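Colleague: Can you walk me through how the strands and helices of this one fit together? I'd like the reasoning along with the answers.

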Amino acid sequence: MHSTRSLTSVLLLPLAAGLPLPAQDHAATKATSVRTTGRVWSDEGPATWAPRPTEQAITANDLRTRLYQFADDSMLGRRVGEVGNYKGTEYIAREFKRLGLKPAGDSGSYFQTLPFGPSGFDAATARLTVGGRALTTKKDWVPTVPSVLNGFGPTMKIDGVPAIYAGQWGDSTAMMDLNAVRGKVIVFSAAPASQRVAASVGAPTSFVSCTDVPDKFGANAAIAEEARQRANPSAPPPRRGVPTMLRDPRATGAGAVGVLVIGLDDLSSQQIDAAFAQPMSMRPAQALNANAPAAATISRAVAEQIFGKPVSALRVGDTGAPISADFRHAWRLSPYPARNVIAVLPGSDPKLAGEYVLVGAHNDHVGVNPVVVDHDSVRAYNMVVRRQGSNDPVCTPTAEQQRKIDSLIARARRIRPVRRDSIMNGADDDGSGTVVLLELAEKFAREKTGRSLVFISHQGEEGGLLGSRWFTDHPTIPLSQIVAAHNMDMVGKGRNWQVKYGGPNSVQMLGARRLSREFGDIIDSVNANSPEPMAIDKSWDVPANPLNRFCRSDQVNYVRKDIPVVYMSLGYAVDYHQHTDEPRYIDYDHTARLGRFVHSVMGAVANRPNKPAIAGPDPTMPTCNR
C-alpha cells in the first residue's frame with residue numbers, strides 16, 4: 001500500500017532554492033523504516049536526511065540532500081510513464097532553470113517528450129452483444145490481445161453480424177465452405193487444455209543449488225565463465241510448453257470479420273485480468289496485424305445464447321444469433337509523459353561555443369514491485385549468494401550459506417522489526433548519476449567554459465535505452481557538433497567489498513577509446529594531473545564485453561551516431577535492481593569524488609583548442625548491434 005496523500009498536491013508544491021521536491025509520507029510497505037534505531041549493515045547511513053541548501057562545490061552532503069528526496073518512497077520507483085518519474089523530471093527541470101541553464105528540449109522547454117504510453121483494450125468502453133443483449137466483460141467475455149503468434153487484429157467494430165460455428169480450434173479436418181464464413185463471425189471451441197499446453201519440464205531457477213551457480217564477480221570472472229560456456233555449450237534450458245496450434249487458417253484467412261473462441265471458463269483470473277492489461281511501450285509504427293480480424297474469448301453460457309443449444313451439441317456449420325461488437329486495442333500517450341530533460345550552458349569562446357560537451361544520466365527506475373518482501377531478509381540473502389544483485393540468479397543456498405543468511409537476519413531482528421518493502425527506489429541505479437548530473441550543472445553554472453555544455457537526463461533507460469535513442473534519432477542539439485559525451489550510471493557504490501577492484505577512489509570506465517583514442521588520452525592526462533586521482537578499472541572495457549556491460553546503458557546510442565563517449569560507473573553491487581537500492585546505502589564521499597573527476601574531464605574537453613579526433617570504430621570492440 002502507498003501513502004494516501006494526494007500525489008497531485010505534491011506536484012504543485014513550490015521548490016525552495018537548491019532543494020528537491022518535498023517528500024511525501026512513506027508508503028505503508030516501508031512505514032517501519034522511519035522508526036528504526038541502530039544500523040544493521042556496515043554501509044548503512046541514516047534512514048532520513050533533512051534537506052538543506054546546496055552549494056557550488058560537488059559535496060557529499062549536496063548529494064545526500066538531492067538523493068534522499070529523488071529516491072524517496074514517495075517517488076514510487078520512478079518508472080517511465082508513471083507519476084513518480086514525472087515528479088522526478090519536474091524537479092530536474094526546475095533545478096536547471098534555477099541554475100540559469102537554457103532549455104534545450106521541445107518548443108523552448110526543458111523537456112523532450114517521448115511517444116511512450118500504454119496500449120490495450122479499455123474495459124470501460126469495450127462492448128460485445130449477442131442478439132442485442134449486452135455481455136459483461138470478464139464474466140462473459142474478454143478481448144484477445146493481438147500478437148505475432150495468434151495473428152489476430154486489434155479492432156472489432158461490427159453491428160448485427162451472423163455467427164457460424166467452425167468446430168474445434170486447430171482441427172484441420174473440419175472443412176467449411178468459404179462462402180459460408182465470409183463476412184461472418186466465426187466461432188470455435190478452444191482446443192482441450194492437454195493439447196494447448198504441454199507439461200512444464202525441469203526445475204525453476206530458484207531450485208538450482210548455489211553451488212552450481214558460476215562465479216561472475218568482477219570482469220575477469222565473468223569473462224572466464226562466459227568463455228567456458230561458449231566452449232562447452234550445454235543443452236538449451238527446458239522451455240515451458242506452448243500451444244501446439246497457435247493459429248487456425250480458418251480464423252484469419254477465410255474472410256471472417258471476427259472470431260470468438262469458447263474457452264473463458266477454463267482461464268484463470270490472472271489470464272482474464274491480463275486481457276485488459278495496459279503495458280507501456282513506444283508508439284508502434286503501425287498496429288499489429290492491422291488487417292486481420294480481431295478475436296474474443298467467450299464463456300460456454302454465451303455460446304449457448306448464440307446458438308440456442310449446449311456447446312456439446314454444436315456441429316460445424318451451425319448458425320447463430322447476430323453479434324455486435326466495438327472494441328479496439330490501441331496505443332495512447334501516457335498521462336504522465338515520458339520526458340528527457342535537456343539544458344545547455346552556452347560556451348564563452350565565440351570560436352568554440354557552437355560545439356558541445358555532453359553529460360548524461362538516466363532518471364527512471366523500475367517502479368513498485370508487486371511482490372512485498374522483508375527488506376533486511378532480502379539483503380541478508382543477497383549479501384551471501386547474490387553479490388551483484390540481479391546479475392546473479394536466485395538459487396538455493398547450501399547449508400553453510402543458509403546459516404550465514406539466518407545469522408544476518410537474526411541480527412537484523414534484534415535491531416529492528418520486519419520492514420515490508422515493495423518500492424524499487426533506484427538510489428544507485430540511476431539516482432546516483434542523476435544527482436551528480438545536477439551537481440555538475442550547479443558547479444559549471446558559475447564557471448566559464450569555451451565550448452557549450454549539454455546536460456541531459458535520459459528517460460526510459462530501463463525500458464531499453466529509450467530516451468537516449470529518441471534524443472540521438474531526434475536531436476535538439478546538432479549531433480555533429482557534440483565533440484564528446486559522458487554517461488554516468490550507478491555511481492553510488494564501489495566499496496572494496498562490493499565490487500572487484502573497488503575502493504574509495506575507484507571508477508569503472510568503458511568506451512573512451514572506441515571512436516577516439518585521443519578522448520581516452522585526455523581522460524588519462526586529467527587523472528594523472530589531478531590532486532585526487534581516480535583508480536581507473538578498465539577490466540570491463542575489453543572485446544569480451546563481460547555481462548554485456550557496455551551494451552546495457554545509454555552510451556550505446558552515442559556510439560551509434562559516431563560520438564566519442566565514455567561510460568563511468570562504480571559497478572554492480574549487492575543492491576542492483578533490488579528492493580534494497582536505497583539512499584541509505586550510497587557511498588556519498590566516493591560519489592562526490594567521482595563527480596569532481598567528471599567535472600575536470602568535461603572542463604578539459606570543453607576548453608582545449610581542438611576537439612578529440614575521431615579515429616573510427618575499434619573493430620575489436622562490441623558493436624551492440626549498432
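Modeller: Sure, and one cut-off first: two strands pair if DSSP finds at least two bridges between them. Keep in mind that this is a predicted model.

Colleague: Good. Which way do E14 and E18 run, parallel or antiparallel?
Modeller: Strand E14 covers residues 339-345, and five bridges join it to E18. One of the contacts to look at is Val341, whose bridge partner in E18 is Ser457. The sense of the E14 and E18 pairing is antiparallel.

Colleague: How many bridges join E15 to E18?
Modeller: E15 spans residues 356-362 and runs parallel to E18. Gly360 stands opposite Ile456 in E18. The count of bridges between E15 and E18 is seven.

Colleague: How many residues of E18 are buried?
Modeller: Take E18, residues 452-458, one face at a time. On one side Ser452, Val454, Ile456 and His458 are buried, and on the other Leu453, Phe455 and Ser457 are too. Buried here means under 20% relative accessible area. The tally for E18 is seven of seven.

Colleague: Which strand does E19 join through four bridges?
Modeller: E19 also pairs with E15, in the parallel sense over five bridges, with Val357 opposite Ala484. Seven of the seven residues of E19 (482-488) are buried, so this strand is largely enclosed by the rest of the structure. For the four-bridge pairing, also parallel, His486 stands opposite Val566, and the partner strand is E22.

Colleague: On to helices. At roughly what angle do the axes of H3 and H12 cross?
Modeller: H3 is residues 83-98 and H12 is residues 427-444, and their axes come within 10 Å. Angles under 35 degrees count as roughly parallel, which is why H3 is roughly parallel to H12. The crossing angle is roughly 10°.

Colleague: How many nonpolar residues are in that H3 and H12 contact?
Modeller: From H3 come Tyr91, Ile92, Glu95, Phe96 and Arg98, which meet Thr434, Leu437, Leu438, Ala441 and Glu442 in H12. By class, one residue is polar and three are charged, and the nonpolar count is six.

Colleague: Which helix gives the most to the largest nonpolar core?
Modeller: That core has 56 residues, and Phe96, Leu440, Phe455 and Leu594 touch the most other members. Phe96 touches residues including Val341, Leu437 and Phe455. The top contributor, with nine residues (it spans 588-607), is helix H16.

Terms used. Residues numbered from 1 in each chain as written. Predicted model: local features only at pLDDT ≥ 70, side-chain atom pairs only at ≥ 80, totals over all residues. Heavy atoms only, no water. Buried < 20%, exposed > 50% of the residue type's maximum accessible area, 1.4 Å probe, protein only. Helix = DSSP H or I, 4+ residues; strand = E, 2+ residues; numbered from the N terminus. Axes fitted to C-alpha atoms, helices over the stretch in contact; angles between N-to-C directions. Parallel < 35°, antiparallel > 145°, perpendicular 65-115°, else oblique. Contact = heavy atoms within 4.5 Å. Nonpolar A, V, L, I, M, F, W, Y, C, P; charged D, E, K, R; others polar. Core = buried A, V, L, I, M, F, W, Y, C linked by side-chain atoms within 4.5 Å. Lists of a residue's contacts leave out its neighbours within four places in sequence.
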